[in-house]
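Trainee: Could you take me through one part of this model slowly? I'd like a close look at the ligand and what sits around it, and then at the salt bridges.

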Amino acid sequence: MGVTAPVLQSGMGGVAGPELVAAVSNAGGLGILAALNLRPDAVRSAIQQVRRLTDRPFGVNIWLHDDVRRPPDVAEHSDLVRSVQSALNELRPRFDLPATLEAPRPMPDLVDAALEVMIEERIPVFSAGLGIPEPELVNRFHEAGTRVATMVATTADALSAVDQGSDVVIAQGHEAGGHRSHGCKLPAAEASGTGTFTLVPQVIEAIGDRVPVVAAGGIVDGRGLAAATMLGAAGVLMGTRFVATAESQASQLWKDRLISGAGTTVLTDGFTGQWARVLKSEYTDHWADHGGPPLPGLLQAAARADLQRAAIAADDDQMQPLYAGTAFDLLDGLPSAGNVVTSVVTEAEQLLGR
Ligand SMILES: Cc1cc2nc3c(=O)[nH]c(=O)nc-3n(C[C@H](O)[C@H](O)[C@H](O)COP(=O)(O)O)c2cc1C
């Protein structure tokens, strides 16, 4: 992918904007822009902004999840709307919000439009999460001169990604912050998946002779890069480490919670409807005790949009998703993203005696 440091910064909605991406790429790693939920003109302007800030390779990420690429019809889920809104109504008084049983507004269909912009813009790397790019899409990216990197959480999906043409596979262990990289909703017991230390060598045995494999999940420093290298990975992708950097767009509240090291993480589907690792909170406890199944696609996020806005306005760390991987309590301070890339590589080289 044209990088000089084997460090990828994950695409992360609301976190990975042009400044973070350019800082990582300028330090020799691969910065990846988040395009989920952005309208096509916003995707294009973010790509152009990255190009103004760096002449190094970079990536753009989007989810290919079945229910996100083809948003579900909310009218077909009226029973679920009632049960989800009833569970959320118990939390609304916290912010003086009125109770509601109304259906959320339908989610706009933005993924295919964003993909078209990425192809037109001939981006260096396309990064797919929560789904595997089909051969036709991979071919169109290849014709545009774009490499395709696909994140998976199982060996079966790694094989499928390579069979369908992906150039790089990112193996995401269950330590990872943010969403589990599955292309459809799995039952809770399966969603958690395999840890990075086990998954990475398994994926390398399955496809490592065909494409480079990158390790993701619970890696925040040079020890993680050195260990991943010993497992046979070509590099690491980090999310949580880059949330807590100077250039990240995450709120100060979120950064402070990460570097405080306090608390623990849980998997929940109560924020977006898809399984994600976040800091445990009153909301995740409430959803575990009183939430039913969530609404499909991103309708769950739309149903709680009023709570989300109110929690952000009130700087309330208990009612918004603070995505975090299990290694968050190893973070120290809020360095610049370029320093993260350099220090992770330097520490790993020392440990590996290179
Ligand atoms: C705040 C946050 C947002 C994320 N957003 C995305 C996303 O939009 N697309 C995606 O493919 N992965 C996303 N991820 C998951 C990462 O790609 C990756 O698997 C994970 O961050 C690796 O584990 P770590 O957080 O322990 O480094 C996100 C992760 C975090 C922490």
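Mentor: Sure, starting with the make-up of the shell around the ligand: 10 of its residues are nonpolar, 13 polar and one charged. In that sorting, Ala, Val, Leu, Ile, Met, Phe, Trp, Tyr, Cys and Pro go down as nonpolar, Asp, Glu, Lys and Arg as charged, and the others, Gly among them, as polar. Keep in mind that this is a predicted model, where local features need pLDDT of at least 70 and side-chain atom pairs 80 or more, while totals for chains, interfaces and linings use all residues. Residues are numbered from 1 along each chain as its sequence is written, and side-chain values use heavy atoms, with hydrogens and water left out.

The ligand is surrounded by 24 residues, and the closest are Ser10, Asn61, Gly218, Gly239 and Thr240; to be near, a residue needs a heavy atom within 4 Å. Strand 3 (58–63), strand 9 (235–238) and helix 11 (240–243) each give at least two residues to that shell. Helices (H or I, at least four residues) and strands (E, at least two) are DSSP runs, numbered from the N terminus.

Now the polar contacts, meaning pairs of N or O atoms within 3.5 Å. The side chain of asparagine 61 puts an N or O atom 2.8 Å from a nitrogen of the ligand. Backbone atoms join in too: a polar one of glycine 177 is 3.1 Å from a ligand oxygen, and an N or O of glycine 218 is 2.8 Å from an oxygen of the ligand. On its own the ligand has 590 Å² of accessible area, and the protein covers 97% of that (Shrake-Rupley method, 1.4 Å probe).

On to the salt bridges, of which the structure holds 16; each is a side-chain nitrogen of Lys or Arg within 4 Å of a carboxyl oxygen of Asp or Glu. Arginine 51 pairs with glutamate 121, with the closest N and O atoms 3.2 Å apart. That pair ties together distant parts of the chain, 70 residues apart: arginine 51 is in helix 2 (residues 40–53), glutamate 121 in the loop between helix 5 (111–120) and strand 4 (125–129). Glutamate 121 is buried at 14% relative accessible area, and arginine 51 is partly exposed at 36% (buried is under 20%, exposed over 50%, partly exposed in between; 1.4 Å probe, protein chains only). Both belong to a salt-bridge network with Arg44 and Glu120.

Aspartate 79 and arginine 82 form another bridge, at 2.7 Å; both lie in helix 4 (residues 78–89), three residues apart, about one turn.

Note on methods. Polar contact = N/O pair within 3.5 Å; in protein donor to acceptor, adjacent residues only side chain to side chain.
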